[in-house]
Amino acid sequence: MLSRFSQELQRLDEMGQRRSLHHILHDGAYVIKDGARMLNLSGNDYLGLAAEEKKPYEGELYGSASSRLLTGNYEIYDRLENAMAKTFGREAALVFNSGYHMNTGILPALADDHTLVIADKLVHASMIDGIRLSRCKFERFRHNDLNHLKKILQKSAGDYESVIVMAESIYSMDGDIADLRGLVALKKQFPQVMLYIDEAHGIGVRGQNGLGLAEETGTIQDIDFLLGTFGKALGSMGGYIICDAVIKEYLVNKCRSLIFSTALPPLTMSFNMHIFTTLPTLGEKRRMLDEYATLLRKSIEDLGYPMPSESHIVPLLIGDNHKTIQVAEQLQKLGYYVLPIRPPTVPAGTSRLRFSLTSATPVASLIKDLQEILVHYAI
């Protein structure tokens, strides 16, 4: 009975697509694997906040032991959500245990038989799972192709009471960004449309105050469901939605991933509050991150590789699975913890290295070593 699983693992191995869990130790901005200390270029700690030493908040509980609808709605939840709503200039905010809980719970609560969901082809797996769980009608538009989206809207929007358009502000595999202003302009042409934008990779690193690409583009007020996470640049855990008060109230009553989950501990929420209120002061970290990303993008582009990225997530598109693994292994030997990204995470023929930069990345030495490896292996 187990042989088919072993055979599939062998097939993945032969294709260069077999994965395994890595046993690593964390040492600030570095990781230690098999005794080798390497700069971590495979995480999401964009501002280096998770790597900084922190002292526990005295008096805060390490567990909540209940859902928020029972006894888990501690005062710190209200303080954080009120602070977030005020900072974003919106009516309400609602915190979830994680981005996955958020994306798999919100859409099934909001959508029904009279709802059409139209999602960018490359939205995150958690958003796709939310669509599947909602069992609503859905379509996909070509990645970042607003003309294709408009054609779908012209054809189908009139047949539904509401249409939810889903996209991310920054995409995690290519590092490219959505045209939020263009999406808002389309929304205003179709009264049924509501925008659902996930800022998982934008919060903290974009915008004057670190509120994301929506702040940078002046579109916060026009996005019906503005989502993000504490688990990447903010160095903590949890997800959130910025929305109208009636939507928050509705989700509290209808969103199963919120209703039936034990709440995040007050200790975690206190740290989330601290980091969120600190965001406006981290402008220098954001500036350094942008500068390093610009240098790395240009160096890779100068070597003749396609460069879709417009952000701090910088891919090196190699294509072949085995060559991608080979380059990753050579970089690891030089002290850079970079992992190969292969199908099915990305389309066949687009295997890549994904450099997830931080504001403390020594990008000059990385560029030099990367260039030497690519030249040596004639990739």
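Helices α4 and α9 are roughly perpendicular to each other in this predicted model. The numbers behind that are easy to follow: the axes of α4 (residues 99–110) and α9 (residues 245–254) cross at roughly 100 degrees and come within 10 Å. An angle from 65 to 115 degrees counts as roughly perpendicular, so this pair gets that label.

Which residues of α4 and α9 meet? On the α4 side you'll find Ile106, Ala109 and Leu110. Across from them, α9 brings in Ile247, Tyr250, Leu251 and Lys254. Sorted by class, this contact has six nonpolar residues, no polar ones and one charged.

Now for another pair of helices, α12 and α14. Helix α12 covers residues 283–302 and α14 covers residues 363–376; they pack at an angle of about 15 degrees, with 10 Å between their axes. Angles under 35 degrees count as roughly parallel, so that's how α12 runs relative to α14. The crossing of α12 past α14 is right-handed.

As for who touches whom here, α12 offers Tyr292, Leu295, Leu296, Ser299 and Ile300. Their partners in α14 are Val363, Leu366, Ile367, Leu370 and Gln371. This contact splits into eight nonpolar residues, two polar and no charged.

Here are the two helix pairs side by side:

| Helix pair | Angle | Axes |
|---|---|---|
| α4 (residues 99–110) and α9 (residues 245–254) | roughly 100 degrees | within 10 Å |
| α12 (residues 283–302) and α14 (residues 363–376) | about 15 degrees | 10 Å apart |

Let's move from helices to some backbone details in the loops. Most residues other than glycine have a negative phi, and most peptide bonds are trans. With that in mind, have a look at a few spots along the chain.

Start with arginine 135, which isn't a glycine but has a positive phi, near 60 degrees. You can find arginine 135 in the loop between α5 (125–134) and β6 (137–141). Is arginine 135 buried or exposed? It's exposed, because its relative accessible area is 75%, and the cut-off for exposed is over 50%.

Asparagine 144 is another residue other than glycine with a positive phi, this time near 55 degrees. Asparagine 144 sits in the loop between β6 and α6 (146–156). With a relative accessible area of 30%, asparagine 144 is partly exposed.

Finally, there's a cis peptide bond to look for. What does it join? The answer is proline 343 and proline 344, with omega at about 5 degrees. Proline 344 belongs to the loop between β13 (340–341) and β14 (351–356).

How values were computed
Residues numbered from 1 in each chain as written. Predicted model: local features only at pLDDT ≥ 70, side-chain atom pairs only at ≥ 80, totals over all residues. Heavy atoms only, no water. Axes fitted to C-alpha atoms, helices over the stretch in contact; angles between N-to-C directions. Helix = DSSP H or I, 4+ residues; strand = E, 2+ residues; numbered from the N terminus. Parallel < 35°, antiparallel > 145°, perpendicular 65-115°, else oblique. Left-handed = near helix turned anticlockwise from the far one by under 90°. Contact = heavy atoms within 4.5 Å. Nonpolar A, V, L, I, M, F, W, Y, C, P; charged D, E, K, R; others polar. Buried < 20%, exposed > 50% of the residue type's maximum accessible area, 1.4 Å probe, protein only.
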